[in-house]
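Got your viewer open? Load the model shown here, and we'll go through it one selection at a time.

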Amino acid sequence: MKVQSVTNTQKVAIEEIPSGRKKAGIFVLEVLAIILVLFFLFPFFLVVINSAKESAGIIISPLALPERWGQMFTNMNNVIHNQNFNYWKSFFNSVFITIVSLTLLSLFSSMAAWVLVRNKTGWSNFIFMTLVAAMIIPFQVVMLPLLSTFRELSEFTGIRMLSSYKGLIFAYIGFGGSMSVFIFHGFIKTIPYELEEAALIDGCTPESTFFRILFPLLKPIQVTVLILNGVWIWNDFLLPSLMLGLNGKIKTLPIAVTSFVGSYVKQWDLILTAALLAMLPIIVLFIFAQKQIIRGMVEGAIK
């Protein structure tokens, strides 16, 4: 009996060791996750607390909490009514460019990926590999060729490509198309071709097959594509600054923030408040649509 009891005790101890290690591993991962969250939220924390200070207070103690949180609303009022910043016009410019770019990008990329997946030829593989290779090209390499090409294109066609909505949207479709096609390509390969064959047998044209059968099935992965490209387009500064110019008539919110930066004076209270106002729309959108966003990303991953 004694030997049996010892044996049972040893068995219990052996069974509890993996469970204890598992809990310890989960605890370590949770601690690392909390550290990463704090690390990524720290810049946003600095923007929030310093947007409630005056410029002198930011320079003297940027890490200190504001003495009067009401200063934030004063700064917001000054920013919104500033003629150089022109918040509402810049806001609607960003909304228009983002929505049109995402709509065309999602449509054209899904159509291109569908054709590349279903037409299994050497040219299809070559085009797909070219798009994948384009993803690793740094943007800085194509900055000057992009401007010269758009300038020559404007002279040749008579269509204004620089300092215009259509030029910037066209550039976003080009730069975001490679990754979008790559994502759609991998998802469409998992969709059975028999669905499209059945539609063709029933008399659907290739166009109606795509829009009636395939396009609704792409909803989960479309959410992922829209999130990745939407955050990039909304927050992008470099491409609009090249295509629209810092002093042009058309300004997005990231470009409008530079109106508070002078050669000798930088209004840090207004700069950080303007940056906060530029971030708020995308944050509010994520808060209200987080269930759909997470559901779309999870369904896309499972599919």
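How many cavities of 30 Å³ or more does the count come to? Just one. Keep in mind along the way that this is a predicted model.

**Stop 1: the cavity**

Select S94, I97, T98, Y172, I233, W234, D236, P240, T252 and P254, and you have the lining of the largest cavity. Its volume is about 40 Å³. Colour the lining by class and you should get six nonpolar residues, three polar and one charged. Now bring up the helices: helix 4 and helix 10 each supply at least two of the lining residues. Helix 4 has the largest share, with three residues.

**Stop 2: helix 4 against helix 10**

Stay with those two helices. Show residues 87-118 for helix 4 and residues 219-235 for helix 10; the two pack at an angle of about 145 degrees, and their axes are 10 Å apart. Which hand does the crossing have where helix 4 passes helix 10? It's right-handed.

Next, turn on side chains at the contact:

- From helix 4, pick F91, S94, V95, I97, T98, S101, L102, L105 and S106.
- From helix 10, pick Q222, L226, N229, G230, I233 and W234.

Sort the residues of this contact by class and you get eight nonpolar, seven polar and no charged. Some of these should look familiar from the previous stop: S94, I97, T98, I233 and W234 are among the residues that line the largest cavity.

**Stop 3: the salt bridge**

For charge, select R118 and E196. They form a salt bridge, and the closest N and O atoms are 2.8 Å apart. The pair ties together distant parts of the chain, with R118 in helix 4, E196 in helix 8 (residues 194-201), and the two positions 78 residues apart. Don't go hunting for another: a search of the whole structure finds one salt bridge.

**Stop 4: the second largest pocket**

Last, switch on a surface and head for the second largest pocket, which holds about 450 Å³ of space. Which residues should you centre on? Try A134, I137, G174, F175 and G176, the closest to the pocket's centre among the 19 that line it.

Then colour by helix. Helix 5 (122-134), helix 6 (139-157), helix 7 (165-188), helix 10 and helix 11 (238-243) each supply at least two lining residues. Which of them gives the most? That's helix 7, with seven residues. By class, the pocket lining divides into 13 nonpolar, five polar and one charged.

Terms used
Residues numbered from 1 in each chain as written. Predicted model: local features only at pLDDT ≥ 70, side-chain atom pairs only at ≥ 80, totals over all residues. Heavy atoms only, no water. Axes fitted to C-alpha atoms, helices over the stretch in contact; angles between N-to-C directions. Helix = DSSP H or I, 4+ residues; strand = E, 2+ residues; numbered from the N terminus. Left-handed = near helix turned anticlockwise from the far one by under 90°. Contact = heavy atoms within 4.5 Å. Nonpolar A, V, L, I, M, F, W, Y, C, P; charged D, E, K, R; others polar. 1 Å grid on protein atoms, 1.4 Å probe; cavity = no way out; pocket = protein on both sides within 12 Å on 5 of 7 lines; lining within 4 Å. Points joined across faces, edges and corners; volume = space filled by probe spheres on them. Salt bridge = Lys/Arg side-chain N within 4 Å of Asp/Glu carboxyl O.
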